[in-house]
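The following exercises, each with a worked solution, concern helix packing and the contact between two chains. Please examine the sequence and the structure before attempting them.

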Amino acid sequence: MPSELIEAPAELRELSYAEAVREALAQAMEADSRVFLFGEDVGVYGGAFGVSGDLVHRFGAERVIDTPISELGIAGAAVGAAITGMRPVVEIQFSDFVTLAMEQLVNQAAKIRFMFGGKASVPMVVRLPGGSGTGAAAQHSQSLEAWFAHVPGLKVLQPSTPHDAKGMLLAAIDDPNPVMIFEHKLLYKTKGHVPAEPYRVPIGKAAIRREGTDITIVGSSIMALKAQAAAARLADEGVSAEVIDLRSIRPIDFTTIAESVRKTHRLMVVYEGVKTMGIGAEISAMIAESEVFDFLDAPIVRLGGVDAPIPYNPVLEKAAVPQEDDIFAAALNLLRRGEA
Amino acid sequence: MNDIKTGAAQIARPNQRPELAALDDATLRTALTRMHLIRKFEEAAEASYMRGLIHGTMHLSIGQEASAVGTTLPLQAQDYILSTHRGHGHCIARGAEPKLMFAEFFGKETGYCKGRGGSMHIADVEGGNLGANGIVGGGLPIAVGVGMSIKAQKNGRVCMVFFGDGASNEGAFHEALNMASIWKLPVVFVCENNKYGMSMDIARAMAVANVADRASAYAMPGHCLDGNDLAGVAAVAREAVARARQGGGPSLIECKTYRWRGHSKSDRNLYRSKEEIEEWRAQDPIRRLEDELKAHDRFDAAALMKLEEDAQREIDAAVEFARTCPDPDPKDLTRDVYAI
């Protein structure tokens with residue numbers, strides 16, 4: 001049988017999240033000789049989570065570069081390469097290890113353009129596998145995206161689907177600013193439709209994953225998926241939940257959130273990072289400060305990670321971050337409060 | 001930038017030490033002019049501060065001029081430097097215009113960084129100066145990335161990165177020198193050892209006697225120099241720059257020198273004696289060079305005096321230019337946070 005007959009039609013082409021990221025890297029490197037990838041074990045090993053895979057064999061060791069275990073050096077090297085005409089993409093093996101690279105990301109990458117009066121730009125991308133759920137305990141499971149969203153000069157993305165993982169990485173590589181992409185480790189094996197050709201998903205634009213009228217649930221990365229699953233169950237209970245996938249934490253698409261709350265009158269923000277001083281606080285405050293506040297029929301609910309390090313024990317680990325059941329229960333509770 | 005002439009010049013000047021004989025008159029004139037400009041720039045900066053014309057703080061390098069000028073003499077126009085918080089000297093040595101530096105110092109829109117950076121962040125990206133840096137050791141990992149760019153672009157440039165004795169105790173030093181060495185990057189690491197990290201004597205802060213001793217850990221040449229000897233510094237820098245440009249990899253140069261002024265404006269000199277300061281003032285790098293040139297009849301006193309007077313005139317005009325320039329408009333405050 002000719003091979004084309006057993007291939008899936010183009011519109012049904014599915015890739016895993018990890019494959020989608022790899023495809024974006026490959027297409028960017030094919031299109032632009034300035035793009036190169038470096039980080040710990042991204043070469044022959046293929047990346048700790050298999051994201052870079054065979055790229056070293058396709059593009060060579062000069063463009064897919066294994067580095068020493070030197071996160072500060074890696075981040076700084078990306079800054080230096082970016083300000084002198086390259087388009088570096090670096091992988092921080094676990095997002096927790098970015099703590100070792102903070103100086104270069106926060107003091108240098110984020111500020112160089114501003115400090116130099118706009119006379120330099122820092123077009124670099126940092127990919128960071130993060131999040132809990134793998135039994136890796138407190139130093140390999142954190143969700144630190146809010147830290148970086150607090151830094152003017154950085155952009156912070158959290159794609160939830162293979163489609164967005166590819167399109168947002170390509171957009172990030174095009175972007176003339178430093179962009180941090182937090183990839184949830186549990187998403188790498190999830191599959192979804194990914195067009196074969198290169199495309200861009202615009203940075204700073206949220207996606208409405210499910211339309212609804214009773215409650216707005218905002219989340220990003222894996223929490224956007226959990227929120228969608230919870231929303232499907234809520235529908236069985238007669239609750240119409242609108243699910244907004246933020247996709248980008250900074251810049252944040254406040255307009256889409258505000259328009260949704262204007263319609264549903266109830267807001268819940270779900271995020272894996274610890275609840276205190278997190279993304280939920282920022283979104284809640286933005287609503288509270290805006291004219292949309294008057295549309296609320298109930299207090300805003302933040303459903304964030306427990307204020308504790310991520311534990312090793314699997315029961316505790318699950319209890320430390322919002323799960324689908326928690327979102328479902330919290331949504332029903334919020335609806336009851338609205339009725340009171 | 002002038003390349004240093006050698007060979008025939010040495011034969012023509014048999015009584016001079018080879019380091020001095022290697023420098024032709026035009027190069028020496030350039031070097032002296034730059035050293036005078038640095039000293040007078042900083043004296044004028046200090047005076048402006050005392051008179052309340054500028055705010056903030058500054059880190060003066062008076063006494064260290066031979067290090068900044070000698071190391072950069074062998075650089076070519078396309079080469080890069082990365083500087084430190086004590087960076088006025090590197091900037092001028094690299095050919096920056098004092099009037100644009102003063103405008104930056106005065107926080108004016110016409111300054112190198114449009115008044116956004118000030119003393120600690122003067123950069124002249126087009127001129128190959130990738131910026132002073134407010135973080136001790138901040139430039140070191142960036143130099144690695146600049147070296148990666150040069151290598152990937154095969155453009156034959158060299159990156160010279162300055163740092164102090166204090167920075168050599170930062171982890172960034174270790175990561176950067178190691179990465180530059182394993183990849184044989186065209187980087188010259190220049191440590192300006194002025195004996196103190198703020199108040200901490202390097203003898204109390206470092207387990208070995210010389211920063212250059214650490215080069216052996218990175219399998220690169222380490223040169224420990226009298227940093228107040230312009231000709232000696234230039235000779236070693238020439239060798240290190242040539243090695244980098246020819247693909248031989250990085251070198252570490254340590255210039256032992258001394259800052260006559262305190263660490264910054266808050267310094268009350270509680271950690272060092274007047275006698276020590278006087279001993280080093282007797283090693284004034286500018287007077288030492290002038291005396292040697294007069295002794296060998298390379299320049300007469302009148303010619304040397306003229307170089308100094310010309311530098312003073314340029315600095316006086318630069319201050320006047322800066323004072324009359326406009327302040328930035330607050331409506332442009334966030335203009336350069338992101339590149340568009």
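**Exercise 1.** Identify the residues through which α4(A) and α5(A) meet, and determine how the two helices are oriented.

*Solution.* The model is a predicted one. On the α4(A) side, the residues are A:L72, A:A75, A:G76 and A:V79; they meet A:E103, A:Q104, A:L105, A:Q108 and A:A109 of α5(A). By class, this contact comprises five nonpolar residues, three polar and one charged. Next, consider the axes: those of α4(A), residues 71-82, and α5(A), residues 102-109, come within 7 Å and cross at roughly 25°. Angles under 35 degrees count as roughly parallel, and α4(A) is therefore roughly parallel to α5(A).

**Exercise 2.** Check the length of α13(B) against the expected span, and locate the partners of its buried residues.

*Solution.* Helix α13(B) covers residues 301-324, which is 24 residues. At 1.5 Å a residue, the helix should span 34 Å. Its end C-alpha atoms lie 35 Å apart, which agrees. The buried residues in α13(B) are B:L304, B:L307, B:A311, B:I315, B:A318, B:V319 and B:A322. They pack against α3 (25-50), α6 (98-105) and α12 (285-295) of chain B.

**Exercise 3.** Describe the side of chain B that touches chain A.

*Solution.* Begin with the counts: chain B contributes 33 residues to the contact and chain A contributes 34 residues. On the chain B side, the elements giving two or more residues are α7 (139-153) and α8 (171-182). Of these, α7(B) gives the most, with ten residues. Finally, the chain B side divides into 19 nonpolar, nine polar and five charged residues.

Technical notes:
Residues numbered from 1 in each chain as written. Chains lettered and ligands numbered in written order. Predicted model: local features only at pLDDT ≥ 70, side-chain atom pairs only at ≥ 80, totals over all residues. Contact = placed C-beta atoms within 7 Å. Helix = DSSP H or I, 4+ residues; strand = E, 2+ residues; numbered from the N terminus. Nonpolar A, V, L, I, M, F, W, Y, C, P; charged D, E, K, R; others polar. Axes fitted to C-alpha atoms, helices over the stretch in contact; angles between N-to-C directions. Parallel < 35°, antiparallel > 145°, perpendicular 65-115°, else oblique. Expected span 1.5 Å × (residues − 1). Buried ≥ 20, exposed ≤ 12 C-beta atoms within 10 Å, placed from the backbone.
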